[in-house]
Amino acid sequence: MALENFNQTDSASLCKDVYNIPKCETCGEAVGIAVKMSFGTRVYPRACRCRRENYEKQQNEDINRQKQIRLKQVISNSMMNSSFRKCTLENWNHKFGNENLYSIAKQYILKFAKMKSENKGILLYGNPGNGKTYFSACIANALLDRLVPVICVGAIALTERIGQSKRTWGDEGIFTVLNALENADLLIIDDLGAEVDNKWTRSMIYQIIDKRNTMNLPVIITTNITISELKERYDDRTYSRLTSMCSFIQNTGKDIRKIQGKEKTDRFIKELLGDKSMG
């Protein structure tokens, strides 16, 4: 029997005690293969199920690490600094944060493999300061901890990076950035609509969204502009792709930055004046 034709049924029949083939203590599979040759039967080493799974896991992790490295090399002006990495569900402010968004972020993280396979993203819109960026950062950091390649970049920084690359390398520079984004299993564009509004930037946003859609790779987008403003600004092509790729979610929460800012000011005054009145 040729080794390449060996299957699981053959394994069960050949891996008998008579050949003294040991089994893995973890998964119970034989760690050898008894193969009948013209000159007799020989036992060859064989990776058991758990070793094969560990090897595959390691291979995937190595590939994802390389993808993340390539992302950092091209998108060097992303938002993913030390402050960004502190944005986690564990640090979620349940006093002011939107609990519905908390649940959505948690489930999106848990079900990301399915979200990716079905190209399901999120477009989160609402007033400034109500936790949209924190929401997307929580998702990004949880996935990064699982070695999922993610890039989170502001719309301004992204278009400026493409523009810089174009000035240096011409159209080839644009393709370099766009192709680099393919390394991200999840692309997060923060504050869409804050970038300079002209024909070129709108074209770049369209190309980014269209390429993600073509590659069946999800996006999460946050924006402070309304859906009607979004549709008017980026035309029907971009809007159509966004509606097919993303669930549109409105965040109606309070301006957390203003609330936290007031609390910070109150603490500061109390530290300076104690219980004395400012008057």
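D171 sits at 46% relative accessibility, which means that D171 counts as partly exposed. This comes from a predicted model, so please read the values below as computed ones.

**Salt bridges**

D171 pairs with K166 through a salt bridge, with 3.1 Å from N to O. K166 is partly exposed too, because its relative accessible area is 32%. In total, the structure holds 16 salt bridges. Three of them are set out here.

| Pair | Closest N to O distance |
|---|---|
| K114 and E118 | 2.7 Å |
| D171 and K166 | 3.1 Å |
| E195 and R233 | 3.5 Å |

K114, at 43% relative accessibility, counts as partly exposed, and E118 is partly exposed at 34%. What about E195 and R233: are they buried or exposed? Both E195 and R233 are buried. E195 lies in the loop between β5 and α9, while R233 belongs to helix α10, so this pair links distant parts of the chain, 38 residues apart. Elsewhere, E29, R46, R49 and R52 are joined into one network by salt bridges that share partners.

**Helices**

K166 also takes part in a helix contact: L158, T159, I162, G163 and K166 of α7 meet W200, T201, M204, I205 and I208 of α9. The axes of these two helices come within 10 Å and cross at roughly 105°, so α7 and α9 are roughly perpendicular to each other. By class, their contact has 6 nonpolar, 3 polar and 1 charged residues.

Helix α2 has 26 residues and should span 38 Å, which agrees with its end C-alpha atoms being 38 Å apart. Its buried residues include E61, N64 and Q68, and among the elements covering the buried residues of α2 are α6, β4, α7 and α8.

Conventions
Residues are numbered from 1 along each chain as its sequence is written. This is a predicted model: local features need pLDDT of at least 70, side-chain atom pairs count only at pLDDT 80 or more; totals for chains, interfaces and linings use all residues. Side-chain values use heavy atoms; hydrogens and water are left out. Axes are lines fitted to C-alpha atoms, for helices over the stretch in contact, and angles run from 0 to 180 degrees between N-to-C directions. Helices (H or I, at least four residues) and strands (E, at least two) are DSSP runs, numbered from the N terminus. Angles under 35 degrees count as roughly parallel, over 145 as roughly antiparallel, 65 to 115 as roughly perpendicular and the rest as oblique. Contact means heavy atoms within 4.5 Å. Ala, Val, Leu, Ile, Met, Phe, Trp, Tyr, Cys and Pro count as nonpolar, Asp, Glu, Lys and Arg as charged, and the others, Gly among them, as polar. The expected span of a helix is 1.5 Å times one less than its number of residues. Buried means under 20% relative accessible area, exposed over 50%, partly exposed in between (1.4 Å probe, protein chains only). A salt bridge is a side-chain nitrogen of Lys or Arg within 4 Å of a carboxyl oxygen of Asp or Glu.
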